[in-house]
Amino acid sequence: MKLDRKQLLLYAVTDRTWTGRQSLYEQVELALRGGATCVQLREKELAPEAFLAEAKGMLLLCRHYGVPLIINDNPQIARLAGADGVHVGQGDLSVREVRRIAGEHMIVGVSAHHVAEARAAWRDGADYLGAGAMFSTSTKTGTTHLDLKTLKDICRCVPIPVVAIGGIQADNILSLAGSGIAGAAVVSAVFGAEDIEAACRRLTALARQVTEPDRKEAVP
């Protein structure tokens, strides 16, 4: 699947920490109804069989909304489920190894924390980068914090789109304006929200202001 830069505008990364009243599937559908343009399925604890079954169900849901499904860290699950892509960190498999397992047509995203990592990922064939963490976040420990200058440098040093990630909320996303990012990856701002659909509508409008500076749009 060819990646369209616009599909990275509001990149929702799942976290079942906030499930209970709603299932993860229900939460993802609310995010999609609210305007999420990409979904990353992130599961660190599920057994492979359960992860695969969940990925297949999420793929059907994402197909219904015309949104790509990215699998975190696991190219085998991505291939078996027929997902659109895989996202890997610096300590995970290389882009070449991911493509060997999942196939040449798989979208591959890579986390980058500085220019050297960004350039290396691009040279290896990454389709997009995730840069962060931009702000303090409780969803991932041991993260490296990026300042705005480093984010700008990453965006400028590669021709592929860059998504900012890490602690991004409605009250801080506008500070990323002018960085050159294609969009924002969000976790708790979506899945920890009381009203997921409304949160996504607001975040989508704000993300457009960040990525399209001349666009005038009312924020819900």
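## Strand β1 and its neighbours

Strands β1 and β2 run parallel and are joined by three bridges. The model you are looking at is predicted, so let's walk through it strand by strand. Two positions show how this pairing is laid out: V13 stands opposite Q40 in β2, while Y11 has C38 of β2 as its bridge partner. Between the two strands the chain passes through helix α1 (residues 24-33), and this β-α-β crossover from β1 to β2 is right-handed.

β1 also pairs with strand β8 (residues 183-186), again parallel and with three bridges. Here A12 of β1 stands opposite V186 in β8. As for the side chains of β1, L10 and A12 point one way and Y11 and V13 the other way. All four of these residues are buried.

## Onward from β2 to β3

Strand β2 covers residues 38-41, with C38 and Q40 pointing one way and V39 and L41 the other way. These residues of β2 are all buried.

The next pairing takes us to strand β3 (residues 69-72), which is parallel to β2 and linked to β2 by three bridges. Within that pairing, V39 stands opposite L69 in β3. To get from β2 to β3 the chain goes through helix α2 (residues 48-65), and this β-α-β crossover is right-handed.

## An aromatic pair

How many aromatic pairs does the structure hold? There is one. The ring centres of Y11 and Y128 are 5.8 Å apart and their planes meet at 55 degrees, so the pair counts as tilted. Edge-to-face would call for planes over 60 degrees apart.

Y11 belongs to strand β1 (residues 10-13) and Y128 to strand β6 (residues 128-131), so the pair ties together parts that are 117 residues apart in sequence. Are these two tyrosines, Y11 and Y128, buried or exposed? Both Y11 and Y128 are buried.

## The second largest pocket

Rolling a probe the size of a water molecule over the atoms reveals where empty space is left. The second largest pocket holds about 240 Å³ of space. Its lining is made up of 16 residues, and the closest to the pocket centre are K6, L9, A182, T211 and E212.

What classes of residue make up the lining of the second largest pocket? The lining has six nonpolar, five polar and five charged residues. Among the residues closest to the centre, K6 and E212 are of the charged class, L9 and A182 of the nonpolar class and T211 of the polar class.

Note on methods:
Residues numbered from 1 in each chain as written. Predicted model: local features only at pLDDT ≥ 70, side-chain atom pairs only at ≥ 80, totals over all residues. Heavy atoms only, no water. 1 Å grid on protein atoms, 1.4 Å probe; cavity = no way out; pocket = protein on both sides within 12 Å on 5 of 7 lines; lining within 4 Å. Points joined across faces, edges and corners; volume = space filled by probe spheres on them. Phe/Tyr/Trp six-rings, centres within 6.5 Å; stacked < 30°, edge-to-face > 60°. Helix = DSSP H or I, 4+ residues; strand = E, 2+ residues; numbered from the N terminus. Buried < 20%, exposed > 50% of the residue type's maximum accessible area, 1.4 Å probe, protein only. Pairing = 2+ DSSP bridges. Right-handed = clockwise from strand over helix to strand, strands pointing away.
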